[in-house]
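User: I would like to go through this model step by step, with the reasoning behind each answer spelled out. Please look at the sequence and structure below before we begin.

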Amino acid sequence: MNRGVSWFNVTMLILGFVFLYAPIALLILFSFNAGKLVSVWSGFSTKWYGELLYNEQILQAAWVSLKIASINATAATILGTLTAFALNRFGRFRGRTLFTGMATAPLVMPDVITGLATLLLFVGIGWARGMSTITIAHITFSLAFVAVIVRARIASLDMSLEEAAMDLGARPLKTFIVIVVPLLAPALVSGWLLAFTLSLDDLVIASFVAGPGASTLPMVVFSKVRLGVSPEINALGTIIVLVVTICIVIAATVFQRQERRRAIDDQMAQRG
Amino acid sequence: MKNGRFGISGRTLAVAAPYLWLLVFFLAPFAIVLKLSFAEPLIAQPPYSAVFEWTGGLLPRFTGNFENYAFLLSDDLYINAYLNSIQIALFSTLLCLAIGYPMAYGIARAPGAWRNALLMLVILPFWTSFLIRVYAWIGILKNNGILNNVLIGLGIIDEPLDILHNHFSVYLGIVYSYLPFMILPLYANLARMDESLLEAAADLGCRPWKTFVSVTLPLSLPGIVAGSMLVFIPAVGEFVIPELLGGPDTLMIGKILWNEFFQNRDWPVASAVAIAMLVLLVIPIVIFQHYQGKEAGDVK
Amino acid sequence: MNSKSSSAPAAAPATNAITSPYIRIENVTKRFGSFVAVDNVSLDIQRNEFFALLGASGCGKSTLLRMLAGLETPTEGRILIDGQDMTHVPPYERPVNMMFQSYALFPHMTVADNVAFGLKQDRMPADQIKRRVAEMLELVQLERFATRKPHQLSGGQRQRVALARSLAKHPKLLLLDEPLAALDKKLREQTQFELMNIQEEIGITFIVVTHDQEEAMTLATRIAVMNNGVILQIGSPTEVYEFPGNRFVADFLGSINLFEGVVESIDGPLVVKTEAGPMMELEARGEVSAGQKVAVAVRPEKIAIGKERPSQSMNACHGQVVEIAYQGSVSIYRVKLDGGYMARVNAQNETRSARRVIDWDDEVWLSWEREAGVLLVDEA
């Protein structure tokens with residue numbers, strides 16, 4: 001039976017991926033360009049990576065961004081997981097509709113609105129702007145993304161596992177820690193990583209709530225990009241792409257190896 | 001489970017923490033934006049007038065006005081930006097759908113070993129810096145950029161094409177950045193589809209193209225809606241792409257809001273713009289939430 | 001001790017009312033919104049009984065089981081176990097364990113850790129846990145698999161791990177939710193006997209929920225048949241099968257021929273004039289008056305089929321064979337009676353022969369004993 005993949009599909013896939021990856025490939029290519037132009041090749045060089053290493057402003061901003069991203073990811077994973085449980089497991093409770101709305105709206109809310117609104121809150125209550133305000137703003141939208149990932153996993157979990165644990169004498173909190181968390185682990189890890197990257201990637205919201213003190217990496221990159229293209233930014237982009245690719249490939253390999261082992265186990269189980 | 005001995009169960013606490021967080025840091029800010037859109041700008045800290053005045057009565061007196069909204073309506077700039085944003089977001093969404101659907105379909109029907117790899121290729125750009133990916137297009141599209149150089153080098157054109165800082169480059173940037181958001185929900189939907197439905201249709205004498213139109217397409221409608229909302233809603237408020245890839249005439253509300261806030265320092269007008277944008281997006285957001293709830297296994 | 005032998009219909013444990021029951025379900029109702037899952041059920045179960053709740057899906061049997069486990073709280077009523085009110089005791093404090101339909105084995109723990117889980121919750125010393133786990137694995141013959149993960153086991157092995165895990169704490173009551181539903185037919189039959197042996201060996205009260213009447217009848221000493229949240233009949237397997245109390249029970253257990261009719265005479269043997277069948281004579285059971293609308297139920301295997309006209313005038317009727325289903329040990333005949341009723345007859349294939357004595361479209365006579373007919377007086 002023809003599985004329904006036509007030449008048209010294959011062509012579209014190839015063109016689509018070329019479209020998605022050509023700019024990234026060119027970005028990487030020109031990060032090794034000796035010249036200052038990012039469009040005319042003038043020999044191989046790694047000097048832009050060297051300059052990046054001595055750019056205090058970028059290093060400083062990167063450090064700020066990493067700190068914010070890890071605090072954000074941790075807090076968002078906790079709050080997002082609680083949200084997921086509240087929505088998928090607690091049945092009806094008062095204010096559930098509002099809660100659902102607040103937990104899904106950040107997924108699509110334009111950044112400029114979220115950024116402005118959050119800033120006005122901090123100004124209204126007189127909270128000094130800086131790293132803390134950026135982190136809080138990031139947690140708010142990141143938790144919604146974590147909730148989506150965790151909810152998908154919870155929906156696929158057999159609820160009787162928790163019931164069995166309680167039936168065998170484990171109290172609710174113990175059940176959660178000993179049974180639920182280990183089973184949710186893959187979702188928690190990907191939720192954490194997603195929250196981390198979302199935070200690392202955000203320009204608009206951070207710009208609104210940052211105040212004069214703190215500058216995140218995207219804010220510095222943006223101010224440089226506005227002045228024109230520079231191979232240094234290409235080098236930075238290449239590093240980011242590389243790190244992300246390595247992380248994802250590792251995660252995928254681990255996942256696939258588990259799958260393969262599972263397949264072997266299943267065969268073993270068939271034989272008894 | 002029954003409540004604990006102290007009246008408050010762990011369950012209540014588990015709901016309360018994210019609930020309060022979202023109330024304070026997500027919902028309350030919107031109330032403030034709404035309030036501020038009725039204020040007047042001041043050169044002060046903070047730069048706006050009070051909207052409610054405490055006059056000793058039971059309720060504070062409303063001293064705000066609708067001037068900010070009147071101002072938005074009186075100036076062509078804002079109305080054009082508004083319409084422009086809708087137009088750009090709408091056509092970008094359709095373009096994403098046109099490119100993303102065949103891709104999602106191809107991935108969903110690909111052999112098992114390929115499927116994960118292809119899916120990873122879609123997700124990968126989504127995890128890498130959005131700003132850097134938009135930036136990459138500047139180097140490609142600008143006057144003496146890679147694309148023009150290549151085309152001139154090949155002798156296809158003599159003069160460099162003007163393809164940066166106009167509507168074209170904004171469309172390109174949005175489609176490029178948001179394509180994964182279209183493909184992922186479509187893929188999730190198509191991959192779940194029972195293949196025996198297609199086999200049943202074929203068995204009943206339906207030709208492949210007809211099967212696609214009468215079975216696959218209607219069943220994938222939820223995926224289409226979700227993907228379209230994930231593209232359309234943020235695209236309406238997009239700032240980075242029109243700012244970096246658009247020209248001076250590419251007016252979009254996101255950019256207007258940014259400029260009102262950062263350049264004109266007119267917080268009340270920026271708030272009014274935000275409220276105007278929200279009014280436009282309320283229906284798409286509700287549609288999206290409805291779908292999202294169903295996907296995530298909401299209790300009915 | 002053989003729990004089966006003590007279950008002759010006359011000496012059903014329910015009649016033993018002097019000692020207080022081990023498990024008492026008192027006027028229990030469970031509502032989900034406006035839906036009544038369990039409707040004012042009262043039920044007593046004795047120590048060491050193997051009790052079955054039998055019904056179609058959605059009849060409330062699983063909800064009742066979950067209330068015994070503490071996974072649901074009754075909307076009304078009380079549940080007592082060994083004299084203690086358990087109605088509002090959470091599952092983790094009840095001396096009750098459950099074997100889940102999906103087995104609910106913790107996928108991230110080994111077989112031994114799964115079995116040890118409940119014991120660890122009780123803070124049993126490690127060496128005792130080890131001994132107990134070994135004991136339980138021996139009971140279910142899985143000693144070799146202690147270090148495997150659940151997904152490395154076959155379906156039957158998983159079922160046995162689930163059983164070992166739920167028995168490890170030596171609960172006062174073991175609940176089994178469709179324990180054999182996930183196994184294939186051969187394995188199911190074998191496991192039924194294993195379950196019975198284990199129950200006898202360890203002497204724990206078992207309550208099993210099932211939709212499979214054969215399973216319920218094989219396993220249980222008593223069966224409660226449920227429908228729409230109500231218990232329709234409680235009794236030993238023979239009682240509920242041979243003396244169904246109402247139309248639903250008669251129809252739900254096995255197959256039945258149900259003749260609607262009117263009581264003709266109550267002097268001497270009870271005589272019922274049926275609408276679509278013959279005049280019937282039966283042993284009186286229950287109080288009826290002449291002219292009352294009733295139904296008579298006759299099991300297909302109690303009917304004799306033959307080409308000769310039987311000597312008796314009652315409980316005999318003429319018809320034509322419409323369908324024959326050969327099933328090896330038995331053949332099932334569908335016979336259209338002269339009155340219009342489509343009767344079902346099960347006949348043992350006692351002789352080995354390729355040629356049928358009775359064939360399609362043959363004219364036949366059906367007949368049965370006076371004891372075969374069951375009088376049902378509930379409203380249709």
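**Strands, helices and contacts**

Analyst: In this predicted model, strand β11 (residues 257-265) of chain C runs antiparallel to β12(C), and the two are joined by 4 bridges.

User: Which residue of β12(C) is the bridge partner of C:V263?

Analyst: β11(C) and β12(C) form a hairpin with 4 residues between them, and C:G268 in that turn has a positive phi of about 75°. Across this antiparallel pairing, the residue of β12(C) that is bridged to C:V263 is C:V272.

User: And on the other side of β12(C), what stands opposite C:V272 in β13(C)?

Analyst: β12(C) also runs antiparallel to strand β13 (residues 279-282) of chain C, with 4 bridges joining them. These two strands likewise make a hairpin, again with 4 residues between them. In β13(C), the residue opposite C:V272 is C:M280.

User: Which side chains of β12(C) point to the face where they are buried?

Analyst: In a regular strand the side chains alternate between the two faces of the sheet. Strand β12 (residues 270-274) of chain C shows this alternation, with C:V271 and C:K273 pointing to a face where they are not buried. The side chains that point to the other face, and are buried, are those of C:L270, C:V272 and C:T274.

User: Which strands lie at the edges of the sheet of 5 strands in chain C?

Analyst: The sheet is open, its pairing is antiparallel, and its order is β15-β19-β16-β17-β18 (chain C). From one strand to the next, the twist averages 40°. An edge strand pairs on one side only, and the two that do so are β15 (304-306) and β18 (342-348) of chain C.

User: Which residue of β18(C) is the bridge partner of C:V330?

Analyst: Strand β17 (residues 330-337) of chain C pairs with β18(C) in the antiparallel sense, over 7 bridges. Within β18(C), the bridge partner of C:V330 is C:Q348.

User: Is C:M99 buried or exposed?

Analyst: C:M99 belongs to strand β6 (residues 96-99) of chain C. Leaving aside neighbours within four places in sequence, C:M99 has contacts that include C:A162, C:L163, C:S166 and C:L174. Because 24 C-beta neighbours lie inside 10 Å of C:M99, this residue counts as buried.

User: How far apart are the C-alpha atoms of C:M99 and C:R160?

Analyst: C:M99 and C:R160 are 61 residues apart along the chain. In space, the separation of their C-alpha atoms is 9.9 Å.

User: What percentage of the residues of chain C count as buried?

Analyst: Chain C has 8 helices and 20 strands, and its C-alpha atoms fill a box of roughly 75 × 50 × 40 Å along the principal axes. Among its contacts with a separation of 6 or more, 65% are between residues 24 or more positions apart. Of its 380 residues, the share that counts as buried is 41%.

User: Turning to chain A, how are α4(A) and α6(A) oriented to each other?

Analyst: Helix α4 (residues 96-108) of chain A packs against helix α6 (residues 131-156) of chain A at an angle of about 105°, with the axes 8 Å apart. The contact is made by A:A103, A:T104, A:P106 and A:L107 of α4(A), together with residues of α6(A) that include A:F141 and A:F145. By class, this contact has 8 nonpolar, 2 polar and no charged residues. Angles of 65 to 115 degrees count as roughly perpendicular, and α4(A) and α6(A) are therefore roughly perpendicular.

User: Which helix gives the most to the side of chain B that touches chain A?

Analyst: In this interface, 80 residues of chain B are in contact with 78 residues of chain A. The residues on the chain B side divide into 60 nonpolar, 15 polar and 5 charged. With 18 residues, the helix that gives the most to that side is α1 (residues 10-36) of chain B.

User: How many residues of α12(B) are buried?

Analyst: Helix α12 (residues 253-262) of chain B is mostly covered. Its buried residues include B:I253, B:W258 and B:F261, and B:K255 and B:E260 are also among them. Of the 10 residues of this helix, the number buried is 8.

User: What is the radius of gyration of chain B?

Analyst: Chain B has 13 helices and 2 strands. For 300 residues the globule rule gives 19 Å, and chain B is well over that value, so it is more spread out than a compact globule. Its radius of gyration is 25 Å.

Conventions. Residues are numbered from 1 along each chain as its sequence is written. Chains are lettered from A and ligands numbered from 1 in the order in which they are written. This is a predicted model: local features need pLDDT of at least 70, side-chain atom pairs count only at pLDDT 80 or more; totals for chains, interfaces and linings use all residues. A residue is buried if 20 or more other C-beta atoms lie within 10 Å of its own, exposed if 12 or fewer, and partly exposed in between; C-beta atoms are placed from the backbone. Two strands pair if DSSP finds at least two bridges between them. Axes are lines fitted to C-alpha atoms, for helices over the stretch in contact, and angles run from 0 to 180 degrees between N-to-C directions. Angles under 35 degrees count as roughly parallel, over 145 as roughly antiparallel, 65 to 115 as roughly perpendicular and the rest as oblique. Two residues are in contact if their C-beta atoms, placed from the backbone, lie within 7 Å. Ala, Val, Leu, Ile, Met, Phe, Trp, Tyr, Cys and Pro count as nonpolar, Asp, Glu, Lys and Arg as charged, and the others, Gly among them, as polar. The radius of gyration is taken over C-alpha atoms; the globule rule is 2.2 Å times the number of residues to the power 0.38.
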